Amino acid sequence: MRTSGVPETDVRRRIATDMADDVPWNRVLNSICTEPHPLGVEMAAAAAHTNLGDVRIFRGTKRIERKVVQLLLDLLGHPGGGSGSLVSGGTEANLIAMLVARETARARGTLTDRPEVVVSSTVHFSFTKVFGLLGLTPVVVPVDDDLRLPAAEVARRIGEHTVAVVATAGSSEFGVVDAVDEIGPVVRGRNVHLHVDAATGGFIIPFARELGHDLPQFDFSVDGVDSITIDPHKYGLANVPAGAILFRGAQDAGRFAVDSFFVDTPVHNTLLGTRPGSAAISTYAVLEHLGRDGFCSLTRTNFEVTAHLVAGLRAAGHELAAEPQLNIVVVKMEHAVRISQLLESWGWIVSTSKRFGETLRLVVTRHVTREMVDEFLPVLERARREVAAEAALR
Ligand code: 0PR
């Protein structure tokens, strides 16, 4: 640390210089997170000093966290019931869900010395962290031809060691929605916790269904679903870090509870102790301001832009790796990694898969407009031609 500080203007300039190196949103096609809603940003700044780890001080902010949990339970088919917490994102939400599943099995007396969780081969990599931390063993079920977790196979893989099954509503690689409505019935009644990771799809599917898209029911309206991860900092347009873990059971969010040292301070139900109230405030601001209509309209636009992107790619002769269910488009492409690197050198960010052969993955969210797609497609073709010419010379 420097001995004497620098003036504020200098600090601002230095930070601005580094941040100018961040890629502007209108060149970003790989991110599920997006430019947050301006009202959320404004209210998060106003709440920058708040800490939900100390609810004696931040009583009002805590009240807002509780309101957000109620709003999310209402959105996800469980109005007036359930429990939950706002957390730092999908990883922490999935961690708490698996911890509660394990502790529920312990309380029931069904926890064995080798607890297992049935997951699909496309479950998010956050579970790799979670299973390592919690000493859980994944039982990996290969996805079917539609890249979904097959319910019949789930039923077959549940055994004496199983504490949980994880379904995904909006996979990060393809935006695939598992048939939670088929998985719920096969898990129900087997003393196994069913968790739905809707980190990505939670703020898309309810509105897309309202708009008439053919997507399965994935939330608490499906019997057997015990918990859901949903991330306001993805398609909910809130500031990072805003995730949420929701439970059907009114007591379940309290099953992970650690007491503090101090009198009159409630237990902590989240992994983080000191944690930003700004995330709760930002989420509340956006949910209240947009309402269902606002989210439906955003969702409609996201699907229109997705269709425009798909049409443009097909017109250029490309083949999709899968028919997109949500707003993630995966296109087959020879030399994908080299193309992505060239695009990045030109300022555009896309992703390429480590697992699904030569493919480019493009994510449509709030900042991705038709105009941006129209700018991108010719650049992609130029990159493709240059890389093909490069390859022909080798
Ligand atoms: N579950 C699902 C289905 C997700 O898509 C994600 C994040 C998580 C859980 C974890 O959420 P947090 O990151 O909030 O803890 N999906 C992003 C993705 O896979 C994460 C990400 C972002 C990964 C940028 C890589 C990257 O470069 O796209």
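**Exercise 1. Is Asn-302 buried or exposed?**

Work it out, then place the residue in its helix and relate it to Val-118.

*Solution.* Keep in mind that this is a predicted model.
- Step 1: start with the area. Asn-302 has a relative accessible area of 7%.
- Step 2: apply the cut-off. Buried means under 20%, so Asn-302, at 7%, is buried.
- Step 3: find the element. Asn-302 sits in helix α9, which covers residues 277-315.
- Step 4: look across to Val-118. In sequence, 184 residues separate Asn-302 and Val-118, and their C-alpha atoms are 32 Å apart in space.

**Exercise 2. Find Thr-283 and work out what its side chain reaches.**

*Solution.*
- Step 1: Thr-283 belongs to helix α9.
- Step 2: with a relative accessible area of 2%, Thr-283 is buried.
- Step 3: follow the side chain of Thr-283, and you arrive at the backbone oxygen of Ala-279, 2.7 Å away.

**Exercise 3. Compare Cys-33 and Cys-296 by accessibility, and say how many disulfides the structure holds.**

*Solution.*
- Step 1: take Cys-33. Its relative accessibility is 22%, so Cys-33 counts as partly exposed.
- Step 2: take Cys-296. Here the relative accessibility is 9%, so Cys-296 counts as buried.
- Step 3: count the disulfides. A pair of cysteine sulfur atoms has to be within 2.5 Å to qualify, and the structure holds zero disulfides.

**Exercise 4. Describe how the protein surrounds the ligand.**

*Solution.*
- Step 1: pick out the neighbours. There are 17 residues around the ligand, and Thr-91, Ser-172, Asp-197, Thr-200 and Lys-234 come nearest.
- Step 2: ask which helix gives the largest share of that shell. Helix α4 (residues 90-108) does, with three residues.
- Step 3: go through some polar partners. An N or O atom in the Thr-91 side chain is 2.5 Å from a ligand oxygen. For the side chain of Thr-200, the distance from such an atom to an oxygen of the ligand is 2.8 Å. Asp-231 places a polar side-chain atom 3.3 Å from a ligand oxygen.
- Step 4: turn to area. On its own the ligand exposes 590 Å², and the protein buries 69% of that.
- Step 5: identify the site. The ligand takes up the space of the largest pocket.

**Exercise 5. Find the backbone oddities in the loop between β6 and β7.**

*Solution.*
- Step 1: recall the background. Most residues other than glycine have a negative phi, and most peptide bonds are trans.
- Step 2: check Leu-237, which lies in this loop. Leu-237 is not a glycine, yet its phi is positive, at about 65°.
- Step 3: check how covered Leu-237 is. Its relative accessibility is 2%, so Leu-237 counts as buried.
- Step 4: move along to Pro-241, which lies in the loop between β6 (225-230) and β7 (243-247). The bond joining Val-240 and Pro-241 is a cis peptide, with omega at about 5°.

**Exercise 6. Work out where His-335 sits and what sign its phi has.**

*Solution.*
- Step 1: locate His-335 in the loop between β8 (328-332) and α10 (336-345).
- Step 2: read the angle. Phi of His-335 is near 60°, a positive value in a residue other than glycine.
- Step 3: classify the residue. At 25% relative accessibility, His-335 counts as partly exposed, because that class falls between the 20% and 50% cut-offs.

Technical notes
Residues are numbered from 1 along each chain as its sequence is written. This is a predicted model: local features need pLDDT of at least 70, side-chain atom pairs count only at pLDDT 80 or more; totals for chains, interfaces and linings use all residues. Side-chain values use heavy atoms; hydrogens and water are left out. Buried means under 20% relative accessible area, exposed over 50%, partly exposed in between (1.4 Å probe, protein chains only). A residue is near a molecule or strand if one of its heavy atoms lies within 4 Å of it. A polar contact is a pair of N or O atoms within 3.5 Å; within protein, one must be able to donate a hydrogen and the other to accept it, and residues adjacent in sequence count only if both atoms are side-chain atoms. Accessible areas come from the Shrake-Rupley method with a 1.4 Å probe; for residues, only the protein chains shown count as cover. On a 1 Å grid over the protein atoms alone, a cavity is a set of points where a 1.4 Å probe fits but cannot get out, and a pocket is an open set with protein on both sides within 12 Å along at least five of seven lines; lining residues have an atom within 4 Å of a point. A molecule sits in a cavity or pocket if more than half of its atoms lie within 2 Å of its grid points. Helices (H or I, at least four residues) and strands (E, at least two) are DSSP runs, numbered from the N terminus.
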